[in-house]
Amino acid sequence: YVRMSIKDKGDIIIELNLKEAPKTSENFLKLVKEGFYDGIRFHRVEPDFVAQAGDPQSKTLPINDPRLGTGGPGYTIKFEPNSLKHTRGALGMARTPDPDSAGSQFYICLKDLPQLDRNYIIFGRVVEGMEIVDKIAKGDTITKAELLPVWKPKKESGSGGTQKQ
C-alpha cells in the first residue's frame, strides 16, 4: 500500500497489484521509496476522465507550460499487459503512443473507462480517499508519497473506488 498526501486536500491510499502488474508496481514502489513523487503536481485533470501526475518537471515549470506531461525518471519500462480494468479509482501508467514509453507518470480513473482497457497498464487502485481524488485540481501537489507496511480500512464510507478488480 502507498499513502499519497495531497496538499490541502488529504490522503489517498493506493493498493498495488503485484500479481497482475509486478514490474510496473515495482517501478512505482522504487520511485515512492526514492521520494520521487514528493513535491510533484497533478499537471492534468480531466473531469469524468483522469487525474494525472508524475512528471518531475511539474516541480519547477509553470502549471500551464506545454512541456508538462513530457517528463519522466530518465528511463522507460516495458508494457506489461494484464486483464485489470479501467474502473473508477484504478491506477494506470501514462505513456506516449509507444507502448514501452511509460516511466513515472500515472493516472487515477475518475470513472469507468473501458475504452482504455488493454491499451494502458493498470497496476493498482485507490482503496481509500476517492473523495479526495474527486477534489484534485490541476496544480495540486503531492506533498508525500510513502509505503505503508500495513493498512486497515476505515469504516465503510460508500465513497467508491473500493470495488474489486
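**Exercise 1.** Are Phe28 and Tyr37 buried or exposed? Classify the geometry of their rings as well.

*Solution.* This is a predicted model.
Step 1: Phe28 and Tyr37 are both buried.
Step 2: the ring centres of Phe28 and Tyr37 lie 5.2 Å apart, and the planes meet at 40°.
Step 3: ring centres must lie within 6.5 Å to pair, with planes under 30 degrees counted as stacked and over 60 as edge-to-face. The Phe28–Tyr37 pair is therefore tilted.
Step 4: put the pair in context. Seven aromatic pairs occur in the structure, and Phe28 and Tyr37 belong to one aromatic cluster together with Phe36, Phe42, Phe106 and Phe123.

**Exercise 2.** Work out the strand order of the sheet and place helix α1 against it.

*Solution.* Step 1: the open sheet has eight strands in the order β3-β4-β6-β5-β7-β2-β1-β8, paired antiparallel.
Step 2: β3 (44-46) and β8 (142-147) are the edge strands, each pairing on one side only.
Step 3: from one strand to the next, the twist averages 25°.
Step 4: helix α1 (residues 22-34) packs on this sheet, with contacts to β1, β2, β5, β6, β7 and β8. The direction of α1 makes about 120° with that of β8.
Step 5: for one pairing in detail, take β5 (residues 90-93) and β6 (residues 106-109), which are antiparallel over three bridges. Leu91 has Ile108 in β6 as its bridge partner.

**Exercise 3.** Compare three salt bridges by where their partners lie in the chain.

*Solution.* Step 1: the structure has nine salt bridges.
Step 2: Lys30 bridges to Glu34, with the closest N and O atoms 3.2 Å apart. Both residues are in helix α1, four residues apart, or about one turn of the helix. Lys30 is partly exposed, at 38% relative accessibility.
Step 3: Asp38 and Lys144 form a salt bridge at 3.4 Å, N to O. This pair links distant parts of the chain, since Asp38 is in the loop between α1 and β3 while Lys144 is in strand β8, 106 residues apart.
Step 4: Arg88 and Asp134 form a salt bridge with their closest N and O atoms 2.7 Å apart. Arg88 sits in the loop between β4 and β5 and Asp134 in the loop between α2 and β8, so the pair ties together parts 46 residues apart in sequence.
Step 5: check accessibility. Arg88 is partly exposed at 23%, and Asp134 is partly exposed at 42%.

**Exercise 4.** Over which ring does the charged end of Arg95 sit?

*Solution.* The charged end of Arg95 sits over the ring of Tyr120, 4.4 Å from the ring centre.

Note on methods:
Residues are numbered from 1 along each chain as its sequence is written. This is a predicted model: local features need pLDDT of at least 70, side-chain atom pairs count only at pLDDT 80 or more; totals for chains, interfaces and linings use all residues. Side-chain values use heavy atoms; hydrogens and water are left out. Two strands pair if DSSP finds at least two bridges between them. Helices (H or I, at least four residues) and strands (E, at least two) are DSSP runs, numbered from the N terminus. Axes are lines fitted to C-alpha atoms, for helices over the stretch in contact, and angles run from 0 to 180 degrees between N-to-C directions. Contact means heavy atoms within 4.5 Å. Rings of Phe, Tyr and Trp (its six-membered ring) pair if their centres lie within 6.5 Å; planes under 30 degrees apart count as stacked, over 60 as edge-to-face and the rest as tilted. Buried means under 20% relative accessible area, exposed over 50%, partly exposed in between (1.4 Å probe, protein chains only). A charge sits over a ring if NZ of Lys or CZ of Arg is within 6 Å of the ring centre and within 35 degrees of the ring normal. A salt bridge is a side-chain nitrogen of Lys or Arg within 4 Å of a carboxyl oxygen of Asp or Glu.
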